[in-house]
Amino acid sequence: MGVFSTGGVGIDLGSANVTICLENEGIVLREPSYVLSMREDDRDVLGVGRDARQMLGRTPKDVVLLSPVMDGAVADVYLATLLLKSLAEKALGKRRALEKNRLVVSMSTGATRVEHAAAEAAVRGAGAKRAALLRGSVAAALGAGLSIDEPKGMMVVLIGGSTTEVAVLSMNGVVAARTTRTGSLALDEAIMRAVRREKGLIIGQRTAEDLKVDLGTALEIPMGSVENVTLRGRDARTGRPGMAEVNALDIQRAILPALDNLLESIREAFENTPAELAEDILKNGIRLSGGGALLEGLKERLSALLNVPVTIGENPQDEVALGACIAASDEKIFQKLAATGCLLEV
Ligand SMILES: Nc1ncnc2c1ncn2[C@@H]1O[C@H](COP(=O)(O)OP(=O)(O)OP(=O)(O)O)[C@@H](O)[C@H]1O
Ligand SMILES: [Mg+2]
């Protein structure tokens, strides 16, 4: 692709991460959805994405770390626009302006009209001449390479940081869907609470997330195979720096209630599937997507709970951005999705 040619850009604007995919290049960026602002004026932005997180605690200024996308909805249009725009510019490079590309942004569309309008405003504000919003579950299915064209029901469960979307797709559209405001972040929070309660240590969300990714599992842990890791944090009693030991069993005990809560909400959505589609789903199984789906053993636990086969791809966290990019790059697909209403031009 030359410097002046145009192409499709797909962006997953999540509450945990922004992921960007470029036509012919694939996934080129994933950064946390954060903005670092001055405390007395949050419009005064010092950094976005990874820079924002790295600057925190390293700048002498009085700053706050803000999440412009929360619970899968745009919480602050100004800051979300800024985040989207600057990360898109970073991904594209200075010479390839966003105006020259077709942009498809996918996010958990939000339950209310106000949230929807906020998402539209942020996408429009990002500066693309042609832009659209695409439903997360549809983007995930496209990105996973599933054929969403066919007249048979297929169920996608998209687990993000703060939202979980359960959707039945058929013929390029969404036939039934339910979004709940819980996701993988709930597991981090459960770990933070448990470490404080059981070990008397206060740890941050990033440490809790690392524990979840490295040690977290929904599978049975074989006896004798648990190793302790040393954690650093703040002693809950004295407030001074402290340490504690944790192992995979501790982490499992901490996350299981929150995980089962999440799986229960998926089961509820599953059981509300229209009868005529349920048969297809029983036959074809459920497709898992999103970063939250990466938790070890989640697939097996969901499959056992519903008694349905569950599949997951190699890179489920990339699939939404990939699908958005496919929609942005392929005119035919773009039009088909627009016709069923799961893609909205803004
Ligand atoms: N290997 C892993 N094991 C467990 N969880 C993981 C793993 N990798 C990523 N995650 C979790 O996935 C979540 C982020 O997923 P994703 O990027 O799909 O969310 P998002 O799109 O930003 O959020 P949302 O869709 O809710 O707005 C985080 O909570 C992260 O901790
Ligand atoms: Mg997401």
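**Exercise 1. Strand S9**

How many of the six residues of strand S9 (residues 102-107) are buried?

*Solution.* Note before starting that this is a predicted model.
Step 1. Apply the cut-off: a residue is buried if 20 or more other C-beta atoms lie within 10 Å of its own.
Step 2. Count along the strand. Six of the six residues of S9 are buried, so the strand is largely enclosed by the rest of the structure.
Step 3. Sort the side chains by direction. Arg102, Val104 and Ser106 point one way from S9. Leu103, Val105 and Met107 point the other way.
Step 4. Compare with the general pattern. In a regular strand the side chains alternate between the two faces of the sheet.

**Exercise 2. The partners of S9**

Find the strands that pair with S9, and give the sense of each pairing.

*Solution.*
Step 1. Take strand S1 (residues 8-13). Five bridges join S1 to S9, and the two run parallel. Gly8 stands opposite Arg102 in S9.
Step 2. Take strand S10 (residues 130-135). S9 and S10 also pair in the parallel sense, over six bridges. Here Val105 stands opposite Leu133 in S10.

**Exercise 3. The core**

Which residues touch the most other members of the largest nonpolar core?

*Solution.*
Step 1. Set the scene: this core holds 105 residues.
Step 2. Pick out those with the most contacts to other members. They are Ile11, Leu134, Ile191 and Ala324.
Step 3. Ask which element supplies the largest share. Helix H7 (residues 248-271) does, with eleven residues.
Step 4. Follow Leu134. Set aside its neighbours within four places in sequence. Leu134 is then in contact with Val104, Ser106, Ala139, Ala324, Ala327, Leu337, Cys342 and Leu343.
Step 5. Link back to Exercise 1. Val104 and Ser106, both contacts of Leu134, point one way from S9.

**Exercise 4. A five-strand sheet and a loop**

Trace the open sheet that contains S12 and S13, then examine the loop between these two strands.

*Solution.*
Step 1. Write the order: S13-S12-S11-S17-S18, with mixed pairing.
Step 2. Find the edges. S13 and strand S18 (310-312) each pair on one side only.
Step 3. Add the twist, which averages 25° from one strand to the next.
Step 4. Join S12 (164-170) and S13 (173-180). Seven bridges link them, and they run antiparallel. Leu169 has Val174 in S13 as its bridge partner.
Step 5. Enter the loop. Met171 lies there, and so does Asn172. Phi of Met171 is near 45°, a positive value in a residue other than glycine. Phi of Asn172 is near 65°, also positive.
Step 6. Judge burial. Met171 has 14 C-beta neighbours inside 10 Å, so Met171 counts as partly exposed. Asn172 is buried, because 21 other C-beta atoms lie within 10 Å.

**Exercise 5. Thr311 at the sheet edge**

Is Thr311 buried or partly exposed?

*Solution.*
Step 1. Place the residue: Thr311 is found in strand S18.
Step 2. Count. There are 14 C-beta neighbours inside 10 Å, so Thr311 counts as partly exposed.
Step 3. Look for contacts beyond four places in sequence. Thr311 touches Gly285 and Arg287.
Step 4. Check a distance. Thr311 and Ile286 are 25 residues apart in sequence and 6.2 Å apart in space, C-alpha to C-alpha.

**Exercise 6. Around ligand 1**

Describe the shell of 24 residues around ligand 1.

*Solution.*
Step 1. Name those that come nearest: Gly14, Ala16, Gly160, Ser184 and Gly291.
Step 2. Sort the shell by type. There are five nonpolar, 16 polar and three charged residues.
Step 3. Find the main contributor. Helix H6 (residues 205-215) gives the most, with three residues.

Conventions:
Residues are numbered from 1 along each chain as its sequence is written. Chains are lettered from A and ligands numbered from 1 in the order in which they are written. This is a predicted model: local features need pLDDT of at least 70, side-chain atom pairs count only at pLDDT 80 or more; totals for chains, interfaces and linings use all residues. Helices (H or I, at least four residues) and strands (E, at least two) are DSSP runs, numbered from the N terminus. A residue is buried if 20 or more other C-beta atoms lie within 10 Å of its own, exposed if 12 or fewer, and partly exposed in between; C-beta atoms are placed from the backbone. A nonpolar core is a set of buried Ala, Val, Leu, Ile, Met, Phe, Trp, Tyr and Cys residues joined through C-beta atoms within 7 Å. Two residues are in contact if their C-beta atoms, placed from the backbone, lie within 7 Å. Two strands pair if DSSP finds at least two bridges between them. A residue is near a molecule or strand if its C-beta atom, placed from the backbone, lies within 6 Å of it. Ala, Val, Leu, Ile, Met, Phe, Trp, Tyr, Cys and Pro count as nonpolar, Asp, Glu, Lys and Arg as charged, and the others, Gly among them, as polar. Axes are lines fitted to C-alpha atoms, for helices over the stretch in contact, and angles run from 0 to 180 degrees between N-to-C directions.
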